[in-house]
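Please look at the sequence and the structure below. The text then goes through a few parts of the model one after another.

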Amino acid sequence: MIYDVVVVGAGPAGSTFARVVASGGYKVLLIDGQNPEKPKPCGGLLAPDAQKLFARFDFTLPKEVLADPQIFSVKTADLVTRRVRYYPRYYLNMDRYRFDDFLLSLVPNSVEVVKGRVERAERREDGFRLALSVNGEERVVSAKRIVGADGASSIVRRTFFSRAMMQYVSIQESYPAGEKNPFYSCIFDSETSESCSWMLFKGDVMIYGGAFLPNGCREAFEKQRGRVADFFGVDLSSPVSREACLVMRPRKWRDFVTGSDGVWLIGEAAGFISASSFEGISSAIISGTYLAEAFLKTDKDKRISRIYSRLARPLKRKLWFKIIKHWFMYTPLVRRLIMASGITSIKVEEKKK
Ligand SMILES: Cc1cc2nc3c(=O)[nH]c(=O)nc-3n(C[C@H](O)[C@H](O)[C@H](O)COP(=O)(O)OP(=O)(O)OC[C@H]3O[C@@H](n4cnc5c(N)ncnc54)[C@H](O)[C@@H]3O)c2cc1C
């Protein structure tokens, strides 16, 4: 059997692509590599852009996907200057694993879903061959086309496109939430990371995590954890769990790769993630939709590439501005001036615990 399309990865990008393309009569295989024992580390915050997409698709979100509490502002702290500002934000706080599960549940039965991981992929004269690991056994599948929706460590991007991207290692730990329930916090600490860290709550769990340069990431995380515990007055000595993964940071226009010649990338694999906030769920959903719309217009590979590339241009532009915003936010002197000015911040009276 030769599939018309094999989709690698059933995150927001892959599930969305599979759901939308299903009406096009293609024989689609969706490979779901998620391991429920080790769900993807993620803040699980659904930004307004993603909420707008849900409105566009006339979707509602089951309450089981939401996590307690909902968030209306972010406490931004610079550990070096010890300055704190509050900025209004309108995210939905979610359980990320349940969210992915919900999006996958919307994929029609006409799409074959297999739980497994792609270990290798190669181009052959007659299409593509992929070697999968399914329940510890190897399975080989053939396809006319491949869609890489496999996130930051995309095997599809690595195999078929030479364009490597800058990546951080994201490390997250979970703690019992305890009595003290501070705000959702965005943390800058130029002594330990050129990127940012965060602290947020999901029910009775507190998550502390951050993004670090790969070299020496563990030491940097541990040093920062001590500084965060001290700054916020929280106990970070006994994590219940720790997880790590890569996260992409686009820096140039050409970091965004949509694909060609029978292989396309969507979501974070394509580089579609905000360089300034790591918000990537909305870009994953919208790029998955765009590629599927191209498939629904034509089954000619060259035209699919052209249409998808054109549809994705506004998304690339938006993410390009995030690259510029990144410079303002992550240059310590500039950030300190912005925080000192108080521009766009709000006054908040924190409750005494
Ligand atoms: C710590 C952290 C916090 C974040 N917080 C937020 C946030 O709060 N809000 C937000 O909008 N974005 C956030 N992001 C970014 C967001 O998680 C991603 O940009 C988004 O999930 C991208 O969706 P995707 O479908 O492209 O990829 P992913 O969600 O990464 O999904 C890729 C899927 O492919 C699967 N896969 C990978 N390799 C293979 C393989 N070889 N074979 C088969 N399957 C494979 C994976 O198991 C996964 O299920 C965060 C990222 C990190 C790292």
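**Strands, a buried aspartate and a surface patch**

Strand S9 and strand S10 (residues 137-148) run antiparallel and are joined by seven bridges. This is a predicted model. One pair in this arrangement is Ser133 and Glu138, the latter being the bridge partner in S10. The hairpin of S9 and S10 has two residues between the strands, and in this hairpin Asn135 takes a positive phi near 50 degrees.

On its other pairing, S9 meets strand S8 (residues 117-124), again in the antiparallel sense and over seven bridges. Here Arg120 has Ala131 of S9 as its bridge partner. The connection from S8 to S9 is a hairpin through two residues. S9 thus takes part in pairings with S8 and with S10. How much of strand S9 is covered? The strand spans residues 127-134 and is mostly covered, with six of its eight residues buried.

The next stop is an acidic residue in another strand. Asp4 is placed in strand S1, which comprises residues 2-8. Is Asp4 buried or exposed? Its relative accessibility is 14%, and because buried means under 20%, Asp4 counts as buried. Two polar contacts of its side chain can be followed in the model. The side chain of Asp4 reaches the backbone nitrogen of Lys27 at 2.7 Å, and it makes a polar contact with the side chain of Lys144 at 3.1 Å. Leaving aside residues up to four places away in sequence, Asp4 touches Gly25, Tyr26, Lys27, Lys144 and Arg145. Both polar partners, Lys27 and Lys144, therefore appear in this set of touched residues, as the cut-off for contact is heavy atoms within 4.5 Å.

The last part concerns the surface. Which residues make the nonpolar surface patch? Trp253, Trp320, Phe321, Ile324, Trp327, Phe328, Ile338 and Ile343 make it, and the patch has an area of about 790 Å². Helix H7 (residues 301-330) supplies the largest share of the patch, namely five residues. Phe328 is one of the patch residues and lies in helix H7. With a relative accessibility of 39%, Phe328 counts as partly exposed, because that class lies between the limits of 20% for buried and 50% for exposed. A residue needs over 30% relative accessible area to be part of a patch, and the 39% of Phe328 is therefore enough on this point.

Note on methods. Residues numbered from 1 in each chain as written. Predicted model: local features only at pLDDT ≥ 70, side-chain atom pairs only at ≥ 80, totals over all residues. Heavy atoms only, no water. Patch = residues over 30% accessible without salt bridge, like charges linked within 9 Å, V, L, I, M, F, W, Y side chains within 5 Å. Areas by Shrake-Rupley, 256 points an atom, 1.4 Å probe, with all protein chains shown as cover. Salt bridge = Lys/Arg side-chain N within 4 Å of Asp/Glu carboxyl O. Helix = DSSP H or I, 4+ residues; strand = E, 2+ residues; numbered from the N terminus. Buried < 20%, exposed > 50% of the residue type's maximum accessible area, 1.4 Å probe, protein only. Polar contact = N/O pair within 3.5 Å; in protein donor to acceptor, adjacent residues only side chain to side chain. Pairing = 2+ DSSP bridges.
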